[in-house]
Every structure is written in structure tokens, then in C-alpha cells.
Amino acid sequence: MERKQTMIFCFLSRTVQLASTSSLLGRQLCSASTNKPVLTLFTKKPCPLCDEAKEVLEPYKRRFILQEVDITLPENSAWYNKYKYDIPVFHLNGKFLMKHQVDIQKFEEQLMKLEMGNDGNH
């Protein structure tokens, strides 16, 4: 069985790091190297609500790493079974955050909590 891998790019000043997301390791390496939270968007193509949600999050994009998970891919069947009627769904650092649409207040609160917790770790 052919396995597709998703790659994410981590932009660090003028360098780019490429990390595989086939496991949590890629996300953790990327997050650790930038010290930014990972916002995971569970999506499928097409998804107008997902596109709308990404537009709402655009002003915050420098504060997190966006990882998109296409729930229609065979390796994501568990996510498909869980979220097929709920996308877009967002997890922040691996924990469920919101679904259907972006709750900006909730997102800002959780993002600030993570940023405050990271302040002493530089």
C-alpha cells in the first residue's frame, strides 16, 4: 500500500525547515524550532467553510504553525469517521479547540495561554 506523506515548512528567519508529518515528530520538531503552537485544520477538498476559516485566521498566522489534514486520504480514515460532518475542525497543539467556524475569542484566549507558557522557555 502506498503511503502519502504530508510535508510542512517551518520558516525560521531566512531559513526553511522541512518536516514530515507522517508522525507527531515532524510537528514537534517544527513547533520546537519555532516555539510556536501548531494549529491543525481537519479539512477536505473542496471546503468553502475551511477557506473562510483560514481567512478569519489570516491576521494571526505569524503566531502559529498551520497544519492541514485532509480527512479523505486513506491514512486519515479515523479522522474522517470522527469529523466527516463537522469540518472545519481545529486542534491546537493536539487538543480539540473548535469546529464548524472560528471562535476568535476562544482562539485568542488559548493562543495567549500557550504563548504565556512559552515565555520562560527561550
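These legends go with a handful of close-up views of a predicted model.

**View 1. The largest nonpolar core, with its best-connected residues picked out.** This core has 21 residues, and those with the most contacts inside it are Leu39, Leu57, Phe64, Phe90 and Phe107. Strand 3 (38–43), helix 2 (48–57), strand 5 (89–92), strand 6 (95–99) and helix 4 (104–118) each give two or more residues to the core.

**View 2. Leu39 and the residues around it.** Leaving aside anything up to four places away in sequence, Leu39 touches Leu57, Phe64, Ile65, Leu66, Gln67, Phe90, His91, Leu92, Leu97 and Phe107. Leu92 turns up again in the backbone pairing, as the bridge partner of Leu39 in strand 5.

**View 3. The open sheet of 4 strands.** Read across, the strand order is 4-3-5-6, and the pairing is mixed. Strand 4 (65–70) and strand 6 sit at the edges with a single partner strand each, so each has one side left without a neighbour in the sheet. From one strand to the next, the twist averages 25 degrees. Zoom in on strands 3 and 5 and you'll find an antiparallel pair joined by 4 bridges. Helix 2 packs on this sheet, where it touches strand 3, strand 4 and strand 5. The direction of helix 2 makes about 160 degrees with that of strand 3.

**View 4. Helix 2 and its two faces.** Cys50, Ala53 and Leu57 are the buried residues here. Looking down the axis of helix 2, you see these buried residues fall within an arc of 60 degrees, so they line one face of the helix. That fits the usual helix arithmetic: with 3.6 residues a turn, residues three or four places apart point the same way. Turned away from the buried side is a face carrying the exposed residues Pro48, Glu52 and Glu55. Leu57 has a second role, being among the residues with the most contacts inside the largest nonpolar core.

**View 5. Lys45 and Glu68, one of the salt bridges.** The structure holds 5 salt bridges, and in this one the side chains of Lys45 and Glu68 meet at 3.8 Å, N to O. Lys45 belongs to the loop between strand 3 and helix 2, while Glu68 is in strand 4, so the pair ties together parts that are 23 residues apart in sequence. Lys45 counts as exposed, at 61% relative accessibility. Glu68, at 29%, counts as partly exposed.

**View 6. Asp86 paired with Lys99.** These two side chains also meet in a salt bridge, at 3.8 Å from N to O. Asp86 lies in the loop between helix 3 (77–83) and strand 5, and Lys99 lies in strand 6, so this pair ties together parts that are 13 residues apart in sequence. Asp86 is buried, with a relative accessible area of 17%, whereas Lys99 is partly exposed at 37%. Elsewhere, salt bridges that share partners join Lys45, Lys54 and Glu68 into one network.

**View 7. The salt bridge between Lys61 and Glu58.** Here the closest N and O atoms are 2.7 Å apart. Lys61 counts as partly exposed, at 44% relative accessibility. Glu58 also counts as partly exposed, at 41%.

How values were computed:
Residues are numbered from 1 along each chain as its sequence is written. This is a predicted model: local features need pLDDT of at least 70, side-chain atom pairs count only at pLDDT 80 or more; totals for chains, interfaces and linings use all residues. Side-chain values use heavy atoms; hydrogens and water are left out. A nonpolar core is a set of buried Ala, Val, Leu, Ile, Met, Phe, Trp, Tyr and Cys residues joined through side-chain atoms within 4.5 Å. Buried means under 20% relative accessible area, exposed over 50%, partly exposed in between (1.4 Å probe, protein chains only). Contact means heavy atoms within 4.5 Å. The arc is that of the directions from the helix axis to the C-beta atoms. Two strands pair if DSSP finds at least two bridges between them. Axes are lines fitted to C-alpha atoms, for helices over the stretch in contact, and angles run from 0 to 180 degrees between N-to-C directions. A salt bridge is a side-chain nitrogen of Lys or Arg within 4 Å of a carboxyl oxygen of Asp or Glu.
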